[in-house]
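Welcome! Let us take a friendly walk through the hollows and the surface of this protein.

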Amino acid sequence: NPAYAALLRRLSGIIGAGDKVEPIKRLITSAIGSGVRKQSGWQSPVLDGLTDGLKRKKIDFALLAGEQNALIQCTFEHPASDVRKASLRLLKVIGVQDSVQLEKMTGKAITMAGNRSLSNDKRAEALDFIALGNPTPYSATIAGLIVPQEEPAVQLAALKILGQVPDETGPNYFLKNWETLTPEIRDEALN
């Protein structure tokens with residue numbers, strides 16, 4: 001129900017923008033907790049509402065370190081795509097304080113992105129995760145996914161991440177490989 005989802009998002013946004021960290025922690029735990037594996041339609045709006053609220057709030061996100069690890073796990077393992085994506089959107093706002101964990105999971109994301117036995121959505125989501133850290137060490141692998149043999153969703157996600165590499169890797173790749181890129185990827189590369 002879209003009205004129910006909008007209400008949940010607004011209410012969660014109010015909690016996310018509030019002064020207390022404990023209600024935020026409880027909502028995250030409720031939405032992604034180990035007992036919540038079946039999708040019932042409320043988890044994603046709650047996480048998106050928290051994301052909206054936390055964007056407006058200046059708190060020490062290190063206070064959410066335990067929840068960050070749970071959100072990372074949810075981003076990779078939750079059965080519902082919208083909950084995985086909402087978890088990643090929340091992580092993009094609060095960040096990941098544990099650099100060792102971020103590096104480890106970025107390695108996992110790179111492996112998943114290259115695994116053609118996974119769905120294209122899962123592979124694209126894995127590429128999106130890489131944006132939480134520095135994609136530079138993985139730029140060659142990411143560029144290798146922008147080929148006509150890959151599905152457009154994977155190519156577009158790789159293009160987006162390659163564009164975040166701070167040096168000229170992305171533009172150089174596009175200039176060098178322009179003739180082999182599909183029209184859809186060319187259009188996106190120009191934007």
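How do the residues of the lining of the second largest pocket divide into nonpolar, polar and charged? They divide into 3 nonpolar, no polar and 6 charged. Here Ala, Val, Leu, Ile, Met, Phe, Trp, Tyr, Cys and Pro count as nonpolar, Asp, Glu, Lys and Arg as charged, and the others, Gly among them, as polar.

This is a predicted model, in which local features need pLDDT of at least 70, side-chain atom pairs count only at pLDDT 80 or more, and totals for chains, interfaces and linings use all residues. Residues are numbered from 1 along each chain as its sequence is written, and side-chain values use heavy atoms, with hydrogens and water left out.

**Hollow spaces**

Rolling a probe the size of a water molecule over the atoms shows where empty space is left. On a 1 Å grid over the protein atoms alone, a cavity is a set of points where a 1.4 Å probe fits but cannot get out, while a pocket is an open set with protein on both sides within 12 Å along at least five of seven lines; lining residues have an atom within 4 Å of a point. A volume is the space filled by probe spheres set on the points, which are joined across faces, edges and corners.

| Space | Volume |
|---|---|
| Largest pocket | about 240 Å³ |
| Second largest pocket | about 170 Å³ |
| Largest cavity | about 50 Å³ |

The second largest pocket has Lys85, Arg89, Asp121 and Glu125 among its lining residues. Helix 5 (81-94) and helix 7 (120-130) are the elements that give two or more residues to this lining; helices are DSSP runs (H or I, at least four residues), numbered from the N terminus.

Around the largest pocket there are 15 lining residues, and Leu156, Leu159, Lys160, Gly163 and Glu188 lie nearest its centre. Helix 9 provides the largest share of that lining, 5 residues. By class, the lining of the largest pocket holds 8 nonpolar, 3 polar and 4 charged residues.

The lining of the largest cavity includes Phe76, Arg84, Met112 and Phe129. Helix 7 contributes the most to this lining, with 4 residues. The classes here are 4 nonpolar, 1 polar and 3 charged.

**On the surface**

Leucine 7 belongs to helix 1 (residues 2-17). With a relative accessible area of 48%, Leucine 7 is partly exposed (between 20% and 50%, with a 1.4 Å probe and protein chains only).
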